[in-house]
Amino acid sequence: MTWEQMQELIGPATQETFQMVGVSAAFTVLLGLPLGVLLVVTDKGGLLANRAVNKAIGFVVNIARSVPFIILMIALISFTRWLVGTSIGWQAATVPLTIGAVPFFARLVETSVREVDRGLVEAVQSMGGNTWTIVRKALLPEALPGIVASVTTTVITLIGYSAMAGTVGGGGLGTLAVNYGYQRFETTFMWVIVAELVLIVTAVQLIGDLAVRRLSRRGGGNGRTRLLGRGPKATDKDLVAS
């Protein structure tokens, strides 16, 4: 296969991979972020401590995380077809990708939120802040660098999952690698795809690391300043205002 032929195939496949990962990542953050916070606030000693709810959510998350992705894709074929009208292509692949990534991301968010200084939470409580205020102005702002790092890790995981989705017609670079690199014994083409995936993952990691460093520097180690988000002159009343 010539380089020109490779380019004709790689371009559309790369776009499909970006679409697949982008849509899945968006839904993963949308669903996984509140789920991760809920795991923290419903735990023992949390703002909304509820052992039954916490155990139920944790059980579901653990079960979902334990299923290998390749098996999850096959098990969800009927559901995927019902939801998006097809079980092949990048649109269909976003369903198992999202379902597989949400519990993974939720656990990462849980870890980041648990690292927030308990003293900051108590400070907001002492000034009359309700649960929503504490989550919005204490937990999430303070955990933001960790959450961004979690998003980076999740996106990289999704890129790997998207390549795996190619084995069952998920589209993108994974399908290209299977159809041409493996089934047609185009070894050179296979390594070109591998190299591209490495470059994409490296770029995502660099961007994520840069974002985390900037967020950490902006906080300046002063939790209250980052909480208020209004500079050093903000008052305690600003903290509990909603």
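**A salt-bridge network and a nonpolar patch in an all-helical chain**

With a relative accessibility of 9%, Glu110 counts as buried, buried being defined as under 20% relative accessible area, exposed as over 50% and partly exposed as in between (1.4 Å probe, protein chains only). The model is a predicted one, in which local features need pLDDT of at least 70 and side-chain atom pairs count only at pLDDT 80 or more, whereas totals for chains, interfaces and linings use all residues. Residues are numbered from 1 along each chain as its sequence is written, and side-chain values use heavy atoms, with hydrogens and water left out.

Glu110 takes part in a salt bridge with Arg107, in which the closest N and O atoms are 2.7 Å apart; a salt bridge here is a side-chain nitrogen of Lys or Arg within 4 Å of a carboxyl oxygen of Asp or Glu. Arg107 is likewise buried, its relative accessible area being 17%. Because Glu110 and Arg107 are three residues apart in helix α5, about one helical turn separates them. Glu110 also meets the side chain of Arg114 in a salt bridge, at 2.8 Å from N to O. These two residues, Arg114 and Glu110, both belong to helix α5 and stand four residues apart, about one turn of the helix. An α-helix has 3.6 residues a turn, so residues three or four places apart point the same way.

Arg114 forms a further salt bridge with Asp43, the closest N and O atoms again lying 2.8 Å apart. This pair links distant parts of the chain, since Asp43 is in the loop between α1 and α2 while Arg114 is in helix α5 (residues 90-114), 71 residues away. Both partners are partly exposed: Asp43 has a relative accessibility of 24%, and Arg114 one of 40%. In total the structure holds three salt bridges. Through shared partners, salt bridges join Asp43, Arg107, Glu110 and Arg114 into one network.

The chain that carries this network has eleven helices and zero strands. Helices (H or I, at least four residues) and strands (E, at least two) are DSSP runs, numbered from the N terminus. Of the 242 residues in the chain, 40% are buried. Among contacts (heavy atoms within 4.5 Å) with a separation of 6 or more, 72% are between residues 24 or more positions apart. The accessible surface, obtained by the Shrake-Rupley method with a 1.4 Å probe and, for residues, with only the protein chains shown counting as cover, comes to about 13,000 Å², and carbon and sulfur atoms account for 63% of it.

Two threonines of helix α1 illustrate the buried positions. Thr17 lies in helix α1, which spans residues 3-41, and is buried at 3% relative accessibility. Residues up to four places away in sequence being set aside, Thr17 touches Ser162, Gly172 and Leu173. Thr28 is also found in helix α1 and counts as buried at 0% relative accessibility. With the equivalent exclusion of residues up to four places away, the contacts of Thr28 are Leu33, Thr98, Ala101, Val102, Phe105, Thr154 and Leu158.

Helix α2 was examined for its geometry and its faces. At 1.5 Å a residue, the 16 residues of α2 should span 22 Å, and the end C-alpha atoms are 22 Å apart, in agreement; the expected span is 1.5 Å times one less than the number of residues. The buried residues of α2 are Asn54, Ile57, Gly58 and Val61. They lie on the same side of α2, because they cover an arc of only 100 degrees around the axis, the arc being that of the directions from the helix axis to the C-beta atoms. On the face turned away from this buried side, α2 carries the exposed residues Ala52, Phe59, Val60 and Ser66.

Phe59 and Val60 also belong to a nonpolar patch on the surface, together with Ile63, Val67, Ile70, Ile71, Ile74, Ile77, Met164 and Val168. Patches are made of residues with over 30% relative accessible area and no salt bridge, like charges being joined within 9 Å and nonpolar side chains (Val, Leu, Ile, Met, Phe, Trp, Tyr) within 5 Å. The accessible area of the nonpolar patch is about 820 Å². The elements giving two or more residues to the nonpolar patch are α2 (51-66) and α3 (69-75). Ile70, one of the patch residues, is found in helix α3 and counts as partly exposed at 31% relative accessibility.
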